[in-house]
There are 2 protein chains.
Amino acid sequence: MKTLSNIFAEVLSRYGEHVDKKLEDYLSRMCNREFIEVILYQVKTGGKRIRPVMTLLFTEALGEEFTKALPEACVVELIHEYSLIFDDIIDHSVVRRGKPTLWKKFGMNFAILAGLWYREAIEEAILESVNPSLVAKLASETMRDIIEGERLDILLEASGREDPYYLEQRIISRLSRETIDQIYLEMIRKKTAALFKLSCMLGALAARKMIDDYVKAAATYGENVGIAFQLIDDLLDIYGEFEKFGKEIGKDVKEHKLGNAVIVNILKNGKQEDVEKVLEILTKNNISEEDVKTVIEIADKYGSREKVLEEASRYVDLAVKAISMFPESEFKRKLIDIAKFVVYREY
Amino acid sequence: MKTLSNIFAEVLSRYGEHVDKKLEDYLSRMCNREFIEVILYQVKTGGKRIRPVMTLLFTEALGEEFTKALPEACVVELIHEYSLIFDDIIDHSVVRRGKPTLWKKFGMNFAILAGLWYREAIEEAILESVNPSLVAKLASETMRDIIEGERLDILLEASGREDPYYLEQRIISRLSRETIDQIYLEMIRKKTAALFKLSCMLGALAARKMIDDYVKAAATYGENVGIAFQLIDDLLDIYGEFEKFGKEIGKDVKEHKLGNAVIVNILKNGKQEDVEKVLEILTKNNISEEDVKTVIEIADKYGSREKVLEEASRYVDLAVKAISMFPESEFKRKLIDIAKFVVYREY
């Protein structure tokens, strides 16, 4: 029997090499020979390429050759890598995909320059897409969503940054039980779901050439899969799955994040004393393993893990429903499988 | 009698408000109310707006209304501000235009996000230009030139950065008298002149709609003015003009820069003992006022100041010659005056 993970590997083996070759092409254009090692490092550290796979499946699901949408596939993968480079800089992360992050490897100065270079490789890919003006507009809007999502994510940290401006703006100082889940949903819609949405839209758009009901359906699928993806990521960042995903237990707790679905579930539904305990821990300078255990115990008391998992499943159902209008094909079936893979990838 | 500085002020008073209003428009689109203060800070700290002024003069010199090229003018000014935000981050500069730099004011995290936001405001302006695909291509190539120029500028620092990768790559460890002036010229062509070139090209392009001899002439004018501009900037960064330009004496010496025209002049033409003395000083961790004095004395010995000034004048002559084919008009005359203003702005 094929596992969901096998299905994804199968699709990737169909598209992966084509995408990777084109990524290197866009990144290499105009690049000084001396700088190319720095520039290619980020895409060569790996990554699942889940976003470009979705792009190309939508193109094929709408009857076009996937090769036609390779620029679009590269647009979304490059946006992903671009945002990772700067996320790692902002969060001072030293490891990604089991390797040193770009800034850790080549220093902050060259990492920033390489990051900015990625934005121009995105432009190269945009200019080769089927509808460059429309793709430019949609991609640029998505990148602004990602910036705003990252801004909210930072403001949802309870501690750990020292800038006076940040301390004044952060959300913990104006937190309310009524709005926390809305702020959280807005944050993940922008930080994560917007790029999944774009990935699917651009795939459909490469086949349809203008925004129509199929492109809208692809967008709905993408956004819902993206939300589900982030919810599951949040679970992993609390409960950990180090062997499979390189994630340690309680990572988001140690990073003071209110912007995690499990934490939000406690803040929304927990008794006052439990909410206060969690906020007290997240605001500490040094959060211990004992603190992480306490937070997980509180989460367990409210069944937060199961609730988040159920919520993710609901979003996957919405995604699958959105593409029911698509003609039956192996590609449509794979899109359905991949939506499920996103949620069940580790359970 | 009108001074050159008055002439520039006159042109600016004609265009300035239009440009500033449109800059704010592009930057504000999609921007969260809470974030707008951070986003607008950089453009509100001032700046001469010399690049958009050149854009609009070229449009008018070719018989079009300047309002038609406002998106193009904003493209080049936003690229300038975008590069300043990241230059200040990379160089840890705390003051610009007499005010705290963006990162100093709002912290590193929000400064990076704001910088990335500028790139998307550039995209907004590109999409409203007369020929979006061509402008997107030219602008993106220019931004890669700027990144490469900044990379070379960093590698031309003799000391002051600690990353192992940087230490291995820096140019001082493979310096040669034969190539230093070529590397320097390549660096300023990319770091500075490329954007002046784009500014002038886009202005001409808004009137001509495609690349023709007028657009090429505008490009030649822009590139040569840009080189002259950087040479004069280098003089100011050694000899200082604090009252007029907020620049301290010996700034580039204190920042360990080999990539300054005055230093390059010594490295190219100086006796071995003087070259060694200058390299010894530039490689020191802490460079004293006495050290700065020594470098300036060595420069004086070779007449470096005058030589750089003469060189700048030659580039201005090339710029003026390039647009001799343009029909006579007040705008053409202003472009000639501005080219001269660039060199004589402080003499």
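**Exercise 1.** Find which residues Ala228(B) touches, leaving out those up to four places away in sequence.

*Solution.* Start with the test: two residues are in contact if their C-beta atoms, placed from the backbone, lie within 7 Å. Apply it to Ala228(B). Its partners are Ala312(B), Tyr315(B), Val316(B), Val342(B) and Val343(B). Next, place Ala228(B) in the largest nonpolar core, which has 245 residues. Ala228(B) is among those with the most contacts inside this core, as are Val75(B) and Leu78(B).

A core is a set of buried Ala, Val, Leu, Ile, Met, Phe, Trp, Tyr and Cys residues joined through C-beta atoms within 7 Å. Buried means 20 or more other C-beta atoms within 10 Å of the residue's own.

This is a predicted model: local features need pLDDT of at least 70, side-chain atom pairs count only at pLDDT 80 or more, and totals for chains, interfaces and linings use all residues. Residues are numbered from 1 along each chain as its sequence is written, and chains are lettered from A in the order in which they are written.

**Exercise 2.** Describe the side of chain B that touches chain A.

*Solution.* Count first: 38 residues of chain B are in contact with 37 residues of chain A. Then find the largest share: H7(B) gives 13 residues. Helices are DSSP runs (H or I, at least four residues), numbered from the N terminus.

**Exercise 3.** Work out how chain B can be laid on chain A.

*Solution.* Superpose by least squares on C-alpha atoms of residues with pLDDT of at least 70 in both copies. A turn of 180° and a shift of 0.0 Å along the axis give an RMSD of 0.0 Å. That is the relation of a two-fold axis. Ser133(B) comes closest to the axis among residues of chain B, at 3.7 Å (C-alpha).

Notes. A residue is buried if 20 or more other C-beta atoms lie within 10 Å of its own, exposed if 12 or fewer, and partly exposed in between; C-beta atoms are placed from the backbone. Helices (H or I, at least four residues) and strands (E, at least two) are DSSP runs, numbered from the N terminus. Ala, Val, Leu, Ile, Met, Phe, Trp, Tyr, Cys and Pro count as nonpolar, Asp, Glu, Lys and Arg as charged, and the others, Gly among them, as polar.
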